[in-house]
Amino acid sequence: GDSAGAQLHAIRTELFASEPFARLLAAMTNLRPTAYKGDVRRFRPGLDYTVAHHGILTVDPRLDATLCVVDDEGDLNSSAWDFGEVGGFECYIAADEEGDAADAATAAVYKAQGEDDEDELLSVSASFNTLSLVHRDEGLMRFVKYVSHLAPSSRWDVAMQYTVEGIEDSDDEEDEEDGDEED
């Protein structure tokens, strides 16, 4: 059989990059994808994470679609991922003008979920076969917290970023172009 990476790559290219999936996202979110980029990623226990930095700062609205796969079979494995005990969760933070949020996020790589972090807006726990959709406005950063050596498995995911426009917004623009705008 195919490796996990090859299977996730097929999901990325054949499903997440398809027009039918873009229509499904539009129906679920009222946001129309206009462009996309994405990766298949593996975060190994005790080794991998991503870092928040101003280079990943959102400048245009994005829709993040992340299909996550971990071993969460059984109560012990499930609770380890659910409560952030082993890291591996996706974190969204607000950037500040001085860059302190990125510095704090870097320092918090080892901090457990649930500890107070005033810049943290959302944490999405890792779980098996779960698709998360997050509409990310400008000024936000996302990263995956360090996966502890105690994690029951690697965290695999297909992480897509779609540049989006509101469906109503695009209809309004078309009306303006057609001369239907009222003065």
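A residue is called buried at under 20% relative accessible area, exposed at over 50%, and partly exposed in between, using a 1.4 Å probe and protein chains only. The model is predicted, so that local features need pLDDT of at least 70 and side-chain atom pairs count only at pLDDT 80 or more, while totals for chains, interfaces and linings use all residues. Residues are numbered from 1 along each chain as its sequence is written, and side-chain values use heavy atoms, with hydrogens and water left out.

The largest nonpolar core (buried Ala, Val, Leu, Ile, Met, Phe, Trp, Tyr and Cys residues joined through side-chain atoms within 4.5 Å) has 12 residues, among them Leu8, Phe21, Ala65 and Val158. Two or more residues each come from helix H1 (4-16), helix H2 (19-29), strand S2 (62-69) and strand S7 (155-166), where helices (H or I, at least four residues) and strands (E, at least two) are DSSP runs numbered from the N terminus. Strand S7 gives the most to this core, with 4 residues.

Charged side chains also connect the strands. There are 8 salt bridges, each a side-chain nitrogen of Lys or Arg within 4 Å of a carboxyl oxygen of Asp or Glu. In one of them, the closest N and O atoms of Arg32 and Glu165 are 3.4 Å apart; because Arg32 lies in strand S1 and Glu165 in strand S7, the pair ties together parts that are 133 residues apart in sequence. Arg32 is partly exposed at 31% relative accessibility, and Glu165 is partly exposed at 28%. Asp157 and Arg41 form another salt bridge, at 2.9 Å from N to O, and both Asp157 and Arg41 are buried.
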